[in-house]
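Reader: Hi! I'm in my first year and still learning to read structures. Could you take me closely through how helices pack in this one, and then show me what lies around them?

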Amino acid sequence: MSNEKIPYKIYLEESELPKQWYNVRADMKKKPAPLLNPGTGKPVTPEELGVVFCDELVKQELNETDAYIDIPEEIQSFYRMYRPSPLVRAYCLEKALGTPAKIYYKFEGNNTSGSHKLNSAIAQAYYAKKQGLKGVTTETGAGQWGTALSMACSYFGLDCQVYMVKVSYEQKPFRREVMRTYGASVTPSPSMTTEVGKKILAEFPDTNGSLGCAISEAVEAAVSKEGYRYVLGSVLSQVLLHQTVIGLETKAAMDKYGIKPDMIIGCAGGGSNLGGLVSPFIGEKLRGEADYQVIAVEPASCPSLTRGVYAYDFCDTGKVCPLAKMYTLGSGFMPSPNHAGGLRYHGMSSILSELYDQGLMEARSVEQTAVFEAAEKFARVEGILPAPESSHAIRVAIDEALKCKETGEEKTILFGLTGTGYFDMYAYAAYNDGKMSDYIPTDEELAKSIATLPKVE
């Protein structure tokens, strides 16, 4: 089909929505390394994981053989309230840049949570309710995941306890209030409500917190209460699985119009949105059916892929979670306080880490002033105020489009717009007032953190 006939927004019909999630591990010849019990150094068992996670989610976490996993009808029904999300041709951005490149973005902000996080939140809440649990605990960074989970728990009548990274708790009071409106309790992390929180505060009394800290507190809270389990918004394989509705929808919409992206770009913190977007395309790469350039974009202030090491590490600062083999900066790494947005995690999804290590995707780091410059350029021509996280992908998409302007290449660029930035005005204000600065950790700082990695035989 001619590009001239491609609409601004491409929607699938309701009947075309995915009825199964795609498990990219099934097509990986070399699988991601298993999670390890930090006490024994051996792969964790389903029984051990079942103390922390819901039973069905444990099965999904450990499933490396089934390429497709059915989406329960009740989850499909919930998805239909806000899905399909639009695949948008960025005609206005193309014109503003004067580029021959064709730019598309998959927009995941058309729900009250304002992001892609609801795709996994509703699934995890569903399995918790099905298991007969009273409630769940979790962490949240910028607040999108906490917002999404509070919505999902409200829908199923579950208690929701959120540990929110302290700096975001203070900078994003309205995000916090959305969670409370949906019935969640929200605690700034690290806090004095858990033993691990007290320990972290004793060692780092002035800390602004990190996702690693908040994870530790949420896990402790879950295992200390009868009828509760812990749920996570990124990093884990089960979360990437749920998020593949993004990539499956995107690929179906592109196939419908005969579009093939040359490059696929996504922001990378823990890896859920990037993994969800690119998995179906990488599956084609793994099966030898097609080739794509896949680019993970991370903040220069928290550069796990571009400057981390590929090793086993704790998933949390308090060192109470299993060990995962991933690209990591060390579980004790604390991002700079001036870091804007939610990409504050010290490591990267084991699936994406393995794909990156195999050379199936590449990574770039960008500084936040350049990120917000791209965010404002995008907002002024495309009419959406993007989340700071998504704007990392926008930065590289613009850079690649400008390269096409120089070379005359008509590449097709696809990126993930994970959500909106309307609760991120503190960061936008800092940028507009000229008070935002860039911080790049030194080699010495990273070496000090990486030196604390556990010794795994």
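Author: Here is a walk through two helix pairs, followed by the cores and a few unusual spots in the loops. Keep in mind that this is a predicted model.

Two packed helices are described by the angle between their axes and the distance between the axes. Let's try that on helix H15 (residues 368–382) and helix H16 (residues 388–407), whose axes lie 8 Å apart at an angle of about 85°. Angles of 65 to 115 degrees count as roughly perpendicular, so H15 is roughly perpendicular to H16. Which residues in H15 meet H16? They are Ala370, Val371, Phe372, Glu373, Ala374, Ala375, Lys377 and Phe378, and their partners in H16 are Pro388, Ser391, His392, Ile394, Arg395 and Ile398. Sorted by class, the contact of H15 with H16 holds nine nonpolar, two polar and three charged residues.

Now look at another pair. Helix H9 (residues 195–203) and helix H10 (residues 211–223) have axes that come within 8 Å and cross at roughly 150°. That angle makes H9 roughly antiparallel to H10. Here Glu195, Val196, Gly197 and Ile200 of H9 meet Cys213, Ser216, Glu217 and Glu220 of H10. This contact of H9 with H10 is made of three nonpolar, two polar and three charged residues.

Next, the cores. In soluble globular proteins, nonpolar side chains tend to be buried together. In this model, the largest nonpolar core has 74 residues, and Trp21, Ile75 and Met361 touch the most other members. Helix H5 (residues 118–130) gives the most to this core, with eight residues. Another core, of 35 residues, lies apart from it and includes Ala375, Ala393 and Ala397. You have already met Ala375, as one of the H15 residues that meet H16.

Burial is not just for nonpolar residues. Lys102, in strand S5 (residues 102–107), counts as buried because its relative accessibility is 13%, under the 20% cut-off. The side chain of Lys102 makes a polar contact with the side chain of Glu410, at 3.4 Å.

Finally, visit the loops. Just ahead of H9, in the loop between strand S8 (185–189) and H9, sits Pro190, and the peptide bond from Ser189 to Pro190 is cis, with omega near 5°. Another cis bond joins Arg83 and Pro84, where omega is about 10°. Val235 has a positive phi near 70° without being a glycine, and Val235 is buried, with a relative accessible area of 10%. Lys319 also has a positive phi, about 60°, but Lys319 is partly exposed at 41%.

Definitions and conventions. Residues numbered from 1 in each chain as written. Predicted model: local features only at pLDDT ≥ 70, side-chain atom pairs only at ≥ 80, totals over all residues. Heavy atoms only, no water. Core = buried A, V, L, I, M, F, W, Y, C linked by side-chain atoms within 4.5 Å. Buried < 20%, exposed > 50% of the residue type's maximum accessible area, 1.4 Å probe, protein only. Helix = DSSP H or I, 4+ residues; strand = E, 2+ residues; numbered from the N terminus. Polar contact = N/O pair within 3.5 Å; in protein donor to acceptor, adjacent residues only side chain to side chain. Axes fitted to C-alpha atoms, helices over the stretch in contact; angles between N-to-C directions. Parallel < 35°, antiparallel > 145°, perpendicular 65-115°, else oblique. Contact = heavy atoms within 4.5 Å. Nonpolar A, V, L, I, M, F, W, Y, C, P; charged D, E, K, R; others polar.
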